[in-house]
Structure formats: C-alpha cells, structure tokens
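Me: Please take a close look with me at one part of this structure, and then lead me on to a few others. I am new to this, so please explain the terms as you go.

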There are 4 protein chains.
Amino acid sequence: MEKLKIADKTFDSRLFTGTGKFSNSKLMREAVLASESELVTVALKRVEAGNEEDQMIASLAHEKLSLLPNTSGVRDAKEAVFAAQMAREALGTNWVKVEIHPDPKYLLPDAVETLKACEELVKLGFVVMPYIHADPVLCKRLEDVGVQCVMPLGAPIGTNKGLKTLDFLEIIIEQSNVPVIVDAGIGAPSHAAWAMEIGADAVLVNTAIAVSKNPVQMAKAFKMAVESGRMAYDAKLGKTAKIAEASSPLTQFLYE
Amino acid sequence: MEKLKIADKTFDSRLFTGTGKFSNSKLMREAVLASESELVTVALKRVEAGNEEDQMIASLAHEKLSLLPNTSGVRDAKEAVFAAQMAREALGTNWVKVEIHPDPKYLLPDAVETLKACEELVKLGFVVMPYIHADPVLCKRLEDVGVQCVMPLGAPIGTNKGLKTLDFLEIIIEQSNVPVIVDAGIGAPSHAAWAMEIGADAVLVNTAIAVSKNPVQMAKAFKMAVESGRMAYDAKLGKTAKIAEASSPLTQFLYE
Amino acid sequence: MEKLKIADKTFDSRLFTGTGKFSNSKLMREAVLASESELVTVALKRVEAGNEEDQMIASLAHEKLSLLPNTSGVRDAKEAVFAAQMAREALGTNWVKVEIHPDPKYLLPDAVETLKACEELVKLGFVVMPYIHADPVLCKRLEDVGVQCVMPLGAPIGTNKGLKTLDFLEIIIEQSNVPVIVDAGIGAPSHAAWAMEIGADAVLVNTAIAVSKNPVQMAKAFKMAVESGRMAYDAKLGKTAKIAEASSPLTQFLYE
Amino acid sequence: MEKLKIADKTFDSRLFTGTGKFSNSKLMREAVLASESELVTVALKRVEAGNEEDQMIASLAHEKLSLLPNTSGVRDAKEAVFAAQMAREALGTNWVKVEIHPDPKYLLPDAVETLKACEELVKLGFVVMPYIHADPVLCKRLEDVGVQCVMPLGAPIGTNKGLKTLDFLEIIIEQSNVPVIVDAGIGAPSHAAWAMEIGADAVLVNTAIAVSKNPVQMAKAFKMAVESGRMAYDAKLGKTAKIAEASSPLTQFLYE
C-alpha cells in the first residue's frame, strides 16, 4: 500500500489519534500505542498546565509517535496564531492542527477565521492542518494558501454519528490535491473503514477510543478497520446495484 | 474473544464466504483462503455439474475449511429438502444452507416455504442454516423448529447496499437464542464491521469479494473488518450524542 | 387523479386512519373527520367492550366513513379467523384488517400465520387486508390467495421512524397487482408524502396523528401530504443526480 | 399559522421558487403561479439579456409576486456586489440573493467571499439573502453582519437528494435569529415537508418543479407539502421511539 505523506513525514499508519477524554494518562498511552498511530494531537492547554500535563506529554514520548499540537479553545485567527507559536516553542514542532470554534456548544469550526489563520501560519513556516466543516470550496481555498492537508468533519465532534457529510466528503476527496483526513464524528471502526473506502487519506479518532469500556482493544479495532478500509479502496469495491444478482447460480437443476 | 459455535463446530473466524462469481477456481481458492474463513457455501448445482465443478470442490479441500452446501435454485420446501439430501450424499455433510427463492429477479427468500423446509430438515438430522428476510417473528419461529442459526439479509442479494434492514437486525439480535449471521447485501468491509458492531455473530460475504478487482486483497480486508467489528462490540462503543462534546479541553486558556 | 379501488369500494382519499391512542373519543372523531379519511380501523376489543366503546363506534358514524375492524391482539391464524367473524357480526362488515403479532414487545406480524388466516378468510368471503412485514415474496403469496391489498410496514409500529423498509417497499410496489398500503412507522407528513411519491396506493396513519399536541391539525397536515405525494407521483419526479446542475444559468456575464 | 416576515415583507406562502430550467416562459409562469409562491428568484443574466428575457420578467408581473434577483455566475465578493447593484437598477428592488460559486462543477458556495459580499451589501442598503453551505458558524456570522435570512443548502444544487445536511440544518435552526430557508437539494414534496417539520422557515424549490413532466401539478404538490410540513411543525410531531407501541389495544380478548 502507498504510504501517506504529509510535508516531510511519511506515515505507515493512516489512523491519527487524540489524547482527550481518557480516564488517565497511563490508559491513554496504552491506547495510543495499541492504535499504532504515528501522529497524536494534544491540546495546547495541556502543554501549558504544568506538572501533571507535562507528564502526559512525556508519557507519549516514543520514537514512532509525533505530537500534533492543536489550538482547541481559541475563538479567532489571532488567538490561533498565538497558540500555534506557543506550541512551537513548548513542544519543538512546527506542526499545528488549527481548530477555531467560537461556538461553545457544538464546537463547530469557523470557516473564515480558519482560512485567515492558515494563511498566516503557512507564512510563518508551520505545517498547517486545519479542522473544518466538510465544505469543498473552503478546502480548495485552504489548499491555495498552502495547508498541508484538510481535515473535514464527518459529523459534529463527539457525536459518534459517522459520515453524515458523506456527499460533501466525496466531492472534497475528488477535488483535493492535498491529503484529506476525516476528523470528528467517527464513532465506530465501521465509520473509519467507510471513510477509507471512499478514498480519505486518513482519519483522526479520539472520543470513540477514549470513552470505550476497553480503550486499548478499541484502539486495535480502529487500527484494523483503517487498514481494512484502505485495502478495500485499493482493491476496488463493486458498485451498488438496484437489481439483485445471485452469487450462486440460479437454475432449476432438480428437474432438468 | 469468545468463539462462535454452531452445532458441534467451533469457529475462529466469524467471516463465512461463498464461491459464486469468481472469474476462475484458482482465484476463488486463493481468496477463500486469504479470508481465513472456515465455512464456505457452495451451490448444489455445482456439485452435480461434473468434472469441472468437482475440481472446484476439490480445490477447496483444506483442513480448516468446511463446505456448506446451499439449496440455491429451489422454489419450494419440497425441492429444498430434496436438494439437501442430494448434497448430503454428494458432499458427506449434514450441514445445509436453506435458500428458497421463487422470485427470479430479486432472489428474495420465501418465508413460508423456508419454515416448512427447515422443520423437516431438522427432523431429518440436518444442521439447518436458513437464509431469510430480516423478519424477527420468522426468526423466532425458525428457532422454535430447531434451526442452528438464522441468516437474515442486510439488503437484496448482490446489491452491495449494506445494512438496509438495520432496525430489524437489531431486534433479531436482541431476541435470538441462536447465532445471527447477516447474509446478503454486505458490499464493503465497513458493512461487515458494522454488522459485527451491532452484535451479529457472523457475516457471509460473497459478491463483494468475488467482483473486486483484487479478490484476494478484498478477502483480507473483510477478514480484518470482521475482527475489528467484533473487537469493538466486545469493547463497547460509545453512544451517539446529539450535542457535541469536545475531545480536547475547551478553555479560554490564552487570557486566563 | 385516479381513484383508489379496493374490492367494491372507491376511495377519494388515500389516507386511512386508526382510532387508537387518542385522549378521548371526541378528539378522535374530530381528527378522523379532519383527515377526510374514508376508512378507519378499529380494534375488535373495543367493539366488544360494551357501552363506552359502543359510543366510540357510534361517534364514527358518518356517510363517508367506513369501519375496518382489525384483529389486533390475536396470536395465530385461528384466533384471527375467529376475531374476523366476531367483527363481521358486530359491525356488519365483511372487511377485515388481519394483524397477527405473537410478539408483545415490537408487535411485528407473523408471516406464516398471516398467510394461513388470509387464505381462510378469503374463502369465508371477507375482504382481506393483511398487515405484514415488507417482504416482497410474502406479498406475492398473499396476492395469490386472494387478498384485496397488502399492508407492509414502513418501520416497527409506533416508532415514527418512517420508511426504513424503503428498498423492499419499492420492490413490493413494482411487483404488486393489488393496492399497496404502507402501514406502521409513518411518523410525519413527510413520510406519508414519501410513501406516495414512490408509488404506494395509500398509507395508514394512527399514532402520529393521535399523539400530536394538536391531532386535528396534524390530521389535516397528513391529508395534504398524502395528496401532495400522490400528485408528485403522477407528475413524475426528477432523478437524483450525482453532479449538480445549476437552476440559474451559469455565465461569466459581467465581463463578457 | 404565523406568517413569515423578511425585512418589511410578510409572506403567506413559505415556498419560494425559481425560474431556471423550464422549457418555456409560459410554463414557467403557470408553474410559479400554481405554486402560490410570493417570491421568485431570477438570474441577473436574464435581466440583462435583452428582449426575450425582458418578456420573461414581464411575464412574472403579478401583484402577489416579488422578484428576487440572484447573483448566480459570480465568482467573488466584488462581482457579487456589482451584480447586486446592476439588479437593483434593472429591477427596482433592493432585495438580492447572494450566490457566489467559483466551482463550475458542483456550484457550491464560497463561505469567505459570501460573508464579505453580504457585509458590504448590507451597508449598501440591500435586503441580503445568502445561499450558503449548511455551516452553523457561518450562519451566525452572517446574522452578525445583518443579513435578513440564511439560505443553507440541503444537498448540492440540482441533485434532488433532499436533506443530506440534516444534522447541521437542525443546529442552524436551533441557533438562528433570522429566518432559515432551505435552498438547493430539495427534490420532492416530501423533502420540502421534512424541512418544514424540522422548523425551517421556508424552502426554495426550482429544479424539482421545472424538470417534472408536469411542472404545474408539481408546483401545486410542493405548495401543499410546504403547508403540510408547517402545520405538522406547529402541531408538534411525536418522538421517534425504539420500542414499538401498539396503536390498537393489545389484549388477549378472545379468551378473557
């Protein structure tokens, strides 16, 4: 299978994970490692929060694992740029996931501020990965300003509803020249496999792993589902049909 | 993970496969083996058709693989019972998948004749696995006459449409005392994972593997998806939510 | 618009209603009349329950309105036939809606017993209208024994989930020589319109009207939706398309 | 029923229509009048195109009908503002539907340019009605700059796919302080009723009427569906349920 490449990094795994909502850091670490993810997103807040959170970050140290700071909590482009700069200093990485959501209830992203922040962050030398609505035109504009990938949502974050934006994800994937990573809404391995089957380059999963009764096993399940979906995409699925076709030969054999 | 048990057989794999629609026997054998399926269904017609088909059957000989003759092509209970008896003699197995579809276009199963055939086949000592509509009441009646599992359809056979009968499959799974195997309609690994996530005991996949550009790789993809879905079922998925919850902490950290 | 004909009756309205779950008889009568339905189903139990229920029946007396006794509460064919005969005597009608649901939780119909009951009731001179699973093969068998219409469910009764059985309803409608009436699951006027748009001959709605805050207004809404859906069916809907087409001319007019 | 109010106009009808894709102006006029719509959108191109198109506009002259020029064909905010000004002069109305779609294939709207255009048009004294992606955050920002309503799409324009953006429309409707008009994607009266049932203030329908075999009848069907859906919204629909509830009393009456 072709490897995923973003900026200067090559990934064996097409499953990205997050660090939120786990009951403790140890479980989080075990689940992230079980997922075999090579990119894990962390909120800047945590990086800044002192001792306990430093340990969380430290616990993620692993040769195969890169940290992807996100700007969760910011409300506009200015705050996002500031947060990204803080993260670069604190974590020594110029990668940043841009999340701008002024809306405290549904945490949906702000298209206009995201474009503005991305444009500036690209100029500042960041590898920019924007979390956005599944808006195909916005994706092209982000590509134009130089983001390294786009991260459209499948459903509102934390809802586990799957690919509610399917019709738009398909257009985004068809049109994009940068990797498309489905982020938010993926609540089950079947959703992750589905995203890969339609041609997404990767998925980011956090809530569905963290809130499971058994996050380590769920992380493994997602790992397999993502690989499975990608293999199916490469092997090409059959079309859906209106009229059934028998898979066994249909003949009146008994009285022939 | 708990193993699947049907009658006296225990299965490591929860993926059952079929032999129809492959472009040749060699590819079929390779794909079936790649799937790691332990139960593969064959149409009786083929068993009877002489030399070439004998070779097909021979090609499936493998210590881990059992044959499951099906009655595809019969139109009523009487024909089904006769076909099952022929298969028992020809293949030396008392397992039979009952498929009765008088409808030559959509190949949908006949509830009334299926119940009649199953009742008689159980009395004749068969291990009976009926392919049926996703009808919860029929499933209970089949269970009452002694079938070893039920095989409700997810969508019309050969359509690749997935779990169109979801609402009814959930009721069947909730109520059943015998294994529930989703058969027909599963057109992608994500569908198979989904079926396992809702608690199906196994899935049967044929068309989606056979018509892929790369059946061997697709067979592996299905194998992984089925395992993934079962693992997720065991690890328990989170609920879908109306209101989003952030997976990263949402705080106005910058100006605190 | 073509009128609906069942047995010897011709209907101006393609909306059938029920009498259950209303908070009182007066409201029920008002809602049924507001719906302009010409066929309203009543449970036999009510007919038998004496005074109060007699008044309910009496309250439905109206020149445009026919009663359709149903066998709700019976568990097998024998009980259904007996119930139908009681209803014929009590209400002076040979029309009967056959409902056989041994399952007390989901109230799903029993295919095998329904076919048996219908066969006998047709012989006994009834106009037989069976409530069934959306099973296309069963529909053809019922047609073969002489039922006057088929009444497949859209979703489990009382769930308001709409046309969950869409793929199967479309096959039933394509194949049927008797009217197809979607019964159960219709929870909103949009569901009723949808059923008509795909070519259903009528719908039966009860819960969605009865449990509304304003049953009389909801009855009118359903009346309009059913007419709207039928008009759209007659006027032919456009196809769904993958690629958008502008409804306004797309030209670079400003700088031409 | 409460009337819809936008800026200084009050509407009896919650169905807005368009003028594209009809086979001729006479049929267009008849269909628009049959719909009883009071607001009909016209592309500026047509207004400018001279004689034939002038007749088209003239043919829409009707005391109950207002014209809503749209900016279809423009690619950015600057072009949109210019087009709106031309329309104001040509048609003598300060109402404008802002449509900015740089993408010639799917005709999806540009969030960033739309916000920019709307902000300026509001300042220029227009009644601004923006056609947008179903992006709840963008809707709030548009509201903040003073648009008179928001017009999120249900599905890509011209696809007839219905409310593919349901989850996001529900959030928009919940949060909006200006009327929400679902525009694009509505391909059947059932879709229109559905949009109204979830609380949309109006719908705009063009393709589905224009491409029907009988546009006049289809227009009437949409009119009824919109009224039906609004009535249902006012009368309050029941909730969807997991467990069925019988609408007829379920009792073992025969042997009591």
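Reply: Let's begin with a word we need straight away: contact means heavy atoms within 4.5 Å. This is a predicted model, in which local features need pLDDT of at least 70 and side-chain atom pairs count only at pLDDT 80 or more, while totals for chains, interfaces and linings use all residues. Residues are numbered from 1 along each chain as its sequence is written, chains are lettered from A and ligands numbered from 1 in the order in which they are written, and side-chain values use heavy atoms, with hydrogens and water left out.

Now find A:Ala232, which sits in helix H10 (residues 215-235) of chain A. Helices (H or I, at least four residues) and strands (E, at least two) are DSSP runs, numbered from the N terminus. A:Ala232 has a relative accessible area of 0%, so it is buried; buried means under 20% relative accessible area, exposed over 50%, and partly exposed in between (1.4 Å probe, protein chains only). Leaving aside neighbours within four places in sequence, A:Ala232 touches A:Glu197 and A:Leu237, along with B:Pro189, B:Met218 and B:Ala221. A:Glu197 is 35 residues away along the chain, yet its C-alpha atom and that of A:Ala232 are separated by 6.1 Å.

For another enclosed place, move to chain B. Strand E5 (residues 66-70) of chain B has five of its five residues buried, so the rest of the structure largely encloses it. In a regular strand the side chains alternate between the two faces of the sheet. Both faces of E5(B) are covered: B:Ser66, B:Leu68 and B:Asn70 are buried on one side, and B:Leu67 and B:Pro69 on the other. Strand E4 (residues 39-43) of chain B pairs with E5(B) in the parallel sense over five bridges, where pairing requires that DSSP finds at least two bridges between two strands. One of these links joins B:Val42 to its bridge partner B:Pro69.

Finally, here are two loop residues to set beside these buried ones. B:Lys21, in the loop between strand E3 (15-18) and helix H1 (25-35) of chain B, has a positive phi of about 70 degrees although it is not a glycine. B:Lys21 counts as partly exposed, because its relative accessibility is 26%. C:Glu36 lies in the loop between helix H1 (25-35) and strand E4 (39-43) of chain C. Its phi is also positive, near 60 degrees, in a residue other than glycine. With a relative accessible area of 48%, C:Glu36 is partly exposed.
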